[in-house]
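Colleague: Could you pick one part of this model and walk me through it closely? I'm new to this, so please explain the terms as you go.

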Amino acid sequence: MNPNMIEEAIDKVSAGERQAYTTVIQAYEKQIYTYCFYILRSREEAEDAVQDIFVKVYRELGRYERRASFSAWLYKIAYHHCLDQLRQNKRRSRLLSLYQMHLRDGNDGQRDGALVDTLFAGLTSEESALLILHVVEQYSFEEMAEITGRSPAALRKRYERLRKKLIQQKENKGGYLHGEVAEFK
């Protein structure tokens, strides 16, 4: 979606037009759900998180500073919300069990979905967040620093470690067919 349209919708919401917030939700709902899903590894918790995040964003809209993009600000809120949720619940093992159950019960035979699940299965929540922000959403390390509160240099280093981990994972499992996994640069 056009960033100017988002900014216009934010201006309308700030002026009291609550209905304009649906533009923001529609523009980012799927992306934020995917992001939350790969951090929380549960459909139900990701759905709940998306609702909580958009409510929080609505309430905090007055704190949005236009020095960073709205999407970066939104992802920052989503990132911290998901990490807080993981910390508060302290149910990492339960989340992994639910995720494994999802793989068993939700396997609809789609090869690409199974590949993505396999790719993310061995990652921590922070590694998943880093991978999604950089590879899928194509944020720069500077933008990711705004979202996560870490330095760009630290994120580059973590990304390099993650890249090596994924390469090692690929080698240990006999590798994927050419074109199955996006190349990391």
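Modeller: Sure, and let's start with a word we'll need: contact means heavy atoms within 4.5 Å. Keep in mind that this is a predicted model, where local features need pLDDT of at least 70, side-chain atom pairs count only at pLDDT 80 or more, and totals for chains, interfaces and linings use all residues. Residues are numbered from 1 along each chain as its sequence is written, and side-chain values use heavy atoms, with hydrogens and water left out.

Our part is helix α7, residues 125-136 (helices are DSSP runs of H or I with at least four residues, numbered from the N terminus). Start with its contact with α2: S125, S128, A129, I132 and L133 in α7 meet T34, Y35, Y38 and I39 in α2. Sorted by class, that contact has six nonpolar residues, three polar and no charged ones (Ala, Val, Leu, Ile, Met, Phe, Trp, Tyr, Cys and Pro are nonpolar, Asp, Glu, Lys and Arg charged, the others, Gly among them, polar).

How do the two helices lie? The axes of α2 (residues 21-40) and α7 are 8 Å apart, and the packing angle is about 150 degrees (axes are lines fitted to C-alpha atoms over the stretch in contact, with angles from 0 to 180 degrees between N-to-C directions). That makes α2 roughly antiparallel to α7, a label for angles over 145.

Now turn to α8, residues 141-148. The axes of α7 and α8 come within 10 Å and cross at roughly 140 degrees. The pair is therefore oblique, the label left for angles that aren't under 35, over 145 or 65 to 115. Here L130, L133 and H134 of α7 touch F141, M144, I147 and T148 of α8. This contact has five nonpolar residues, two polar and no charged ones.

L133 turns up in the contact with α2 and in the one with α8, and L133 also lines the largest cavity (on a 1 Å grid, a set of points where a 1.4 Å probe fits but cannot get out; lining residues have an atom within 4 Å of a point). A search of the whole structure finds one cavity of 30 Å³ or more, and the largest holds about 70 Å³ of space. The lining includes E126, A129, L130, M144 and T148. α7, α8 and α9 (152-172) each supply at least two lining residues, but α7 gives the largest share, four residues. By class, the lining has six nonpolar, one polar and three charged residues.

Terms used
1 Å grid on protein atoms, 1.4 Å probe; cavity = no way out; pocket = protein on both sides within 12 Å on 5 of 7 lines; lining within 4 Å. Points joined across faces, edges and corners; volume = space filled by probe spheres on them.
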